[in-house]
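Here is a short report for someone meeting this structure for the first time. Please keep the model in view while reading.

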Amino acid sequence: MAAQFAAATVVVVSCLLALATLARCNSEGDILYKQRLAWKDPNNVLGSWDPTLVNPCTWFHVTCNNDNAVIRVDLGNAGISGPLIPDLGALQNLQYLELYDNSLNGTIPATLGNLTKLVSLDLYGNELTGEIPATLGAISTLRYLRLHENNLTGAIPISLGNLTSLLELKLQENAFSGSIPSSLGNLKTLWILKLNDNMLSGMVPLEVLSLVISGNLTEINIAKNDLEGTVRSSGLFRVTAIIQDKLKTA
């Protein structure tokens with residue numbers, strides 16, 4: 001009798017786990033389909049995003065893991081336009097969100113900070129506005145944060161200094177203002193730092209400049225701002241010198 005009870009328990013638990021997986025997959029499909037409805041898609045690249053399917057793992061531009069959880073959305077240069085919906089922050093297993101070179105507008109949802117497994121966030125080459133959400137600083141797994149060539153404004157969040165796994169931080173060609181956070185000096189793993197073509201002011205923090213010596217930087221560019229000077233790229237090799245423009249005078 002005990003053996004039969006144990007076997008029945010295993011079956012029940014297995015069924016519950018299967019139902020939970022199915023519910024999660026359906027939820028992720030609902031989120032992505034809701035995002036599809038919020039976008040304009042003149043090239044019909046999202047034509048396969050059919051909400052009647054069991055899960056979104058067979059949709060083009062979506063990749064799932066072995067548990068049928070969405071881990072990638074690849075829609076770079078897809079001709080889509082429209083906003084990012086806050087619901088995207090519920091894609092708990094998402095690792096890559098590649099939406100670069102489109103015509104996305106509106107703000108970056110603060111809920112993207114809930115994507116605690118995210119490795120790459122590529123939103124560059126769009127028409128996004130508003131500030132970088134401070135919540136992005138909570139994504140400890142993030143290695144690539146590329147938001148350049150948008151219309152983003154405001155200050156660079158101090159919280160980005162918490163992204164200690166980051167390899168590339170590209171924020172150039174926006175309209176950021178204020179000072180460069182000294183917290184960026186915490187990013188010892190950083191290879192590339194691009195802040196050029198903004199409206200940043202003040203001094204370049206010594207903590208950031210120290211990454212040239214103690215970090216892994218191969219490229220740093222803060223030219224074309226309102227800073228005391230600018231540091232330009234040294235090419236494809238490790239940074240060995242700081243090239244500074246003539247200091248501004250009153």
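## Confidence and ground rules

pLDDT is the predictor's confidence in each residue, on a scale from 0 to 100. The protein chain averages a pLDDT of 87, and 81% of the residues score at least 70. Two stretches deserve caution. Over residues 5-25 the pLDDT stays under 50, and the model has eleven contacts there beyond four places in sequence. A contact means heavy atoms within 4.5 Å. Residues 230-245 also have a pLDDT below 50, with 42 contacts in the model beyond near neighbours in sequence.

The model is predicted, so local features need pLDDT of at least 70 and side-chain atom pairs count only at pLDDT 80 or more, while totals for chains, interfaces and linings use all residues. Residues are numbered from 1 along each chain as its sequence is written, and side-chain values use heavy atoms, with hydrogens and water left out.

## The chain as a whole

The protein chain has three helices and 15 strands. These are DSSP runs numbered from the N terminus: helices are H or I with at least four residues, strands are E with at least two. Of the contacts with a separation of 6 or more, 51% involve residues 24 or more positions apart.

The accessible surface comes to about 12,100 Å². Carbon and sulfur atoms hold 57% of that surface. Areas come from the Shrake-Rupley method with a 1.4 Å probe, and for residues only the protein chains shown count as cover. Of the 250 residues, 45% are buried. Buried means under 20% relative accessible area, exposed over 50%, and partly exposed in between (1.4 Å probe, protein chains only).

## Strand β9 and its partners

In a regular strand the side chains alternate between the two faces of the sheet. Strand β9 (residues 151-154) shows this pattern. Leu152 and Gly154 point to one face and are buried. Asn151 and Thr153 point to the other face and are not buried.

Which strands pair with β9? Strand β7 (residues 127-130) runs parallel to β9, joined by two bridges. Strand β11 (residues 175-178) also pairs with β9 in the parallel sense, over two bridges. Two strands pair if DSSP finds at least two bridges between them. On the β7 side, threonine 129 stands opposite asparagine 151. On the β11 side, alanine 175 is the bridge partner of threonine 153.

Just ahead in the listing of loops comes glutamate 149, placed between β8 (144-146) and β9. Its phi is near 60°, a positive value in a residue other than glycine. Glutamate 149 is partly exposed, at 36% relative accessible area.

## Helix α1 and the loop to β1

Glutamine 35 is found in helix α1 (residues 2-38). Is glutamine 35 buried or exposed? Glutamine 35 is buried, with a relative accessible area of 1%. Leaving out residues up to four places away in sequence, glutamine 35 touches Pro83, Leu84, Ile85 and Leu88.

Asparagine 44 sits in the loop between α1 and β1. Phi of asparagine 44 is near 55°, a positive value in a residue other than glycine. Most residues other than glycine have a negative phi, and most peptide bonds are trans.

## The disulfide

How many disulfides does the whole structure hold? A search finds one. Cysteine 57 is joined to cysteine 64, S to S 2.2 Å. A disulfide here is a pair of cysteine sulfur atoms within 2.5 Å. The link is left-handed, with -95° about the S-S bond. Cysteine 64 counts as buried, at 18% relative accessibility.

## Two aromatic pairs

Rings of Phe, Tyr and Trp (its six-membered ring) pair if their centres lie within 6.5 Å; planes under 30 degrees apart count as stacked, over 60 as edge-to-face and the rest as tilted. The count comes to two aromatic pairs. Tryptophan 49 and tryptophan 59 are stacked, 5.3 Å centre to centre with 25° between the planes. Both lie in the loop between α1 and β1 (62-64), so the pair ties together parts ten residues apart in sequence. Tryptophan 49 is buried at 1% relative accessible area, and tryptophan 59 is buried at 3%.

Tyrosine 100 and tyrosine 124 are also stacked, 5.0 Å centre to centre with 10° between the planes. Tyrosine 100 is in the loop between β4 (96-98) and β5 (103-106), and tyrosine 124 is in the loop between β6 (120-122) and β7. The pair links distant parts of the chain, 24 residues apart. Tyrosine 100 is partly exposed at 25% relative accessible area, whereas tyrosine 124 is buried at 19%.
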